[in-house]
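Colleague: I have this model open and would love a close look at a single part of it. Could you pick one residue, walk me through its surroundings, and then widen the view from there?

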Amino acid sequence: MTSTLQPRLSHSTLVPREHVHRDALSEVYLTDIICDRYPNFRVGVHFPKSHSYYSDHVGPAAGRYDPLLVLECFRQASILIAHRHVGVEFDQSFIFNAGAISVVSDDAMTVASVPGTGELSAVIVGEKVRDETIIGITLDMTVTLAGVAAVTMTMSIQWMPKPIWARIRASGRAKLGLAEYRPGIEPLPGRHPHRSVGAHQPEALGRGLSRNVVVGAARHVPAGFDIDVLVDQHHPSLFDHPLDHIPGAVIFEAVRQAGIVGADEYFGLSARRLRIRSLSATFTRFGELDLPTSALVRPQTDTCDQVVGFDVDITQEGVTIASCGVVFARSHARAHATVQR
């Protein structure tokens with residue numbers, strides 16, 4: 001009787017940063033990729049023990065890998081698969097259409113004394129085709145750490161040639177009365193003169209560093225409350241490289257922090273009593289860097305003693321650019337205010 005052994009993933013080096021659309025090597029978290037049989041893939045992941053953004057947490061999130069770090073691994077894996085195995089050239093621009101992530105094991109996410117290495121399994125479960133050419137994929141993915149499934153995600157992406165991207169972006173901005181994009185663009189004065197965007201204190205959001213705060217002033221409205229989203233284009237992780245729109249990473253972080261504010265506003269729960277369970281977003285329009293951005297937060301109806309959840313619409317000038325949701329597990333034991341840096 002014979003058996004076939006799967007080739008082992010290497011964790012000795014990182015994949016080329018260009019293959020996952022990162023500028024800084026320190027922001028690359030994948031080490032290898034193996035296609036066992038198309039459309040099934042295994043990807044090596046490498047988590048840093050400490051990171052100025054992903055490790056900056058207090059309460060039950062401290063000492064565990066950030067689910068948004070794993071989400072970034074999923075994003076990088078989707079691009080790596082597209083380039084390496086779907087035949088997408090490097091002159092294409094990518095769009096993140098939708099994603100839903102779930103934490104299935106808190107224990108597996110515990111930071112050990114050595115850097116975290118694990119395996120990301122991915123399968124293409126859907127293809128978007130135009131004129132017999134694949135222009136997008138949907139993936140089901142799981143990250144396994146120490147042999148335990150830790151986080152799962154379903155993600156849809158697509159791509160297009162850069163000239164088409166440029167035309168679409170220019171047309172979309174023109175319809176909003178915006179000039180052609182230029183690097184370093186700042187929010188336009190006067191579009192929402194009533195706004196006050198003072199940032200929350202980081203401790204109230206489970207953070208230790210003010211630089212990692214992405215939500216500001218909140219205003220109660222009939223449907224819930226509205227909170228400003230702060231977009232720092234100089235943030236070294238959320239903006240690893242210049243972009244002409246608000247990236248998904250900022251949106252996901254804003255949804256998490258808006259949910260933390262909601263947990264305090266509606267249920268009197270501090271960030272130290274919350275563990276993220278799931279996070280989702282469907283992107284419906286580009287987020288413009290020069291328009292004020294806010295999050296409309298509403299409690300979900302199935303909140304109970306174990307979990308608390310919120311629906312969050314990310315909006316610009318009253319138009320939804322992303323429909324999102326976040327669910328937290330309640331921690332009944334008070335946590336020590338430990339900050340991981």
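Modeller: Happy to! Let us start at Thr152. Setting aside the residues within four places in sequence, Thr152 touches Phe74, Ala100, Ile101, Ser102, Val104, Met141 and Thr142. Please keep in mind that this is a predicted model.

Thr152 itself belongs to strand β6, a strand that covers residues 148-161. Is Thr152 buried or exposed? Neither label fits: Thr152 is partly exposed, because its relative accessible area is 27%, and buried would need a value under 20% while exposed would need one over 50%. As a marker of distance across the model, take Gly268: it is 116 residues from Thr152 along the chain, and the two C-alpha atoms are 29 Å apart.

Now look at Val148, which also sits in β6. With 38% relative accessibility, Val148 counts as partly exposed too. Beyond its neighbours within four places in sequence, Val148 has contacts with Ser105, Ala108 and Val143. Asp107 is 41 residues from Val148 in sequence, and their C-alpha atoms lie 9.0 Å apart.

Moving back along the chain from β6, you reach Ala146, in the loop between β5 and β6. Ala146 is worth a click in your viewer: its phi is positive, about 50°, although the residue is not a glycine. Its relative accessibility is 80%, so Ala146 counts as exposed. A loop on the other side of β5 offers a companion case. Asp131 lies between β4 (116-130) and β5 (133-145), and its phi is near 55°, again positive in a residue other than glycine. Asp131 is exposed as well, with a relative accessible area of 71%.

While we are on backbone geometry, there is one peptide bond to check. The bond from Tyr38 to Pro39 is cis, with omega near 15°. Pro39 is found in the loop that joins β1 (30-37) and β2 (40-47).

For a contrast with the residues in β6, go to Ala281 in strand β9. Its relative accessible area is 2%, so Ala281 is buried. Outside its neighbours within four places in sequence, Ala281 is in contact with Asn97, Ala98, Gly99, Phe252, Ser323 and Cys324. Val312 is 31 residues from Ala281 along the chain, with 8.9 Å between the two C-alpha atoms.

Strand β9 also leads us to the internal space. Searching the whole structure turns up four cavities of 30 Å³ or more. The largest of them holds about 270 Å³ of space. Its lining has 22 residues, and those closest to the centre are Ala61, Arg256, Leu274, Arg275 and Ile276. Two elements, α3 (248-267) and β9 (274-283), give two or more residues to that lining. By character, the lining of the largest cavity splits into 13 nonpolar, two polar and seven charged residues.

The second largest cavity has a volume of about 100 Å³. It is lined by 14 residues, and Lys49, Tyr54, Ser55, Arg64 and Val111 lie nearest its centre. Here the lining divides into seven nonpolar, four polar and three charged residues. If you would like to see either cavity in your viewer, the residues just named are handy ones to select.

Finally, let us step back to the whole protein. It has three helices and 12 strands. Its C-alpha atoms fill a box of roughly 70 × 55 × 35 Å along the principal axes. How does the radius of gyration fit a compact globule, and what value does the protein have? For 341 residues, a compact globule would have a radius near 20 Å, and the protein has 20 Å, so the two agree. Of the 341 residues, 51% count as buried. Among contacts with a separation of 6 or more, 68% come from residues 24 or more positions apart. The accessible surface comes to about 15600 Å², and carbon and sulfur atoms account for 53% of that surface.

To come back to where we began: Thr152 is in β6, and its contacts include Phe74 and Ile101 as well as Met141.

Definitions and conventions
Residues are numbered from 1 along each chain as its sequence is written. This is a predicted model: local features need pLDDT of at least 70, side-chain atom pairs count only at pLDDT 80 or more; totals for chains, interfaces and linings use all residues. Side-chain values use heavy atoms; hydrogens and water are left out. On a 1 Å grid over the protein atoms alone, a cavity is a set of points where a 1.4 Å probe fits but cannot get out, and a pocket is an open set with protein on both sides within 12 Å along at least five of seven lines; lining residues have an atom within 4 Å of a point. Grid points are joined across faces, edges and corners, and a volume is the space filled by probe spheres set on the points. Helices (H or I, at least four residues) and strands (E, at least two) are DSSP runs, numbered from the N terminus. Ala, Val, Leu, Ile, Met, Phe, Trp, Tyr, Cys and Pro count as nonpolar, Asp, Glu, Lys and Arg as charged, and the others, Gly among them, as polar. The radius of gyration is taken over C-alpha atoms; the globule rule is 2.2 Å times the number of residues to the power 0.38. Buried means under 20% relative accessible area, exposed over 50%, partly exposed in between (1.4 Å probe, protein chains only). Contact means heavy atoms within 4.5 Å. Accessible areas come from the Shrake-Rupley method with a 1.4 Å probe; for residues, only the protein chains shown count as cover.
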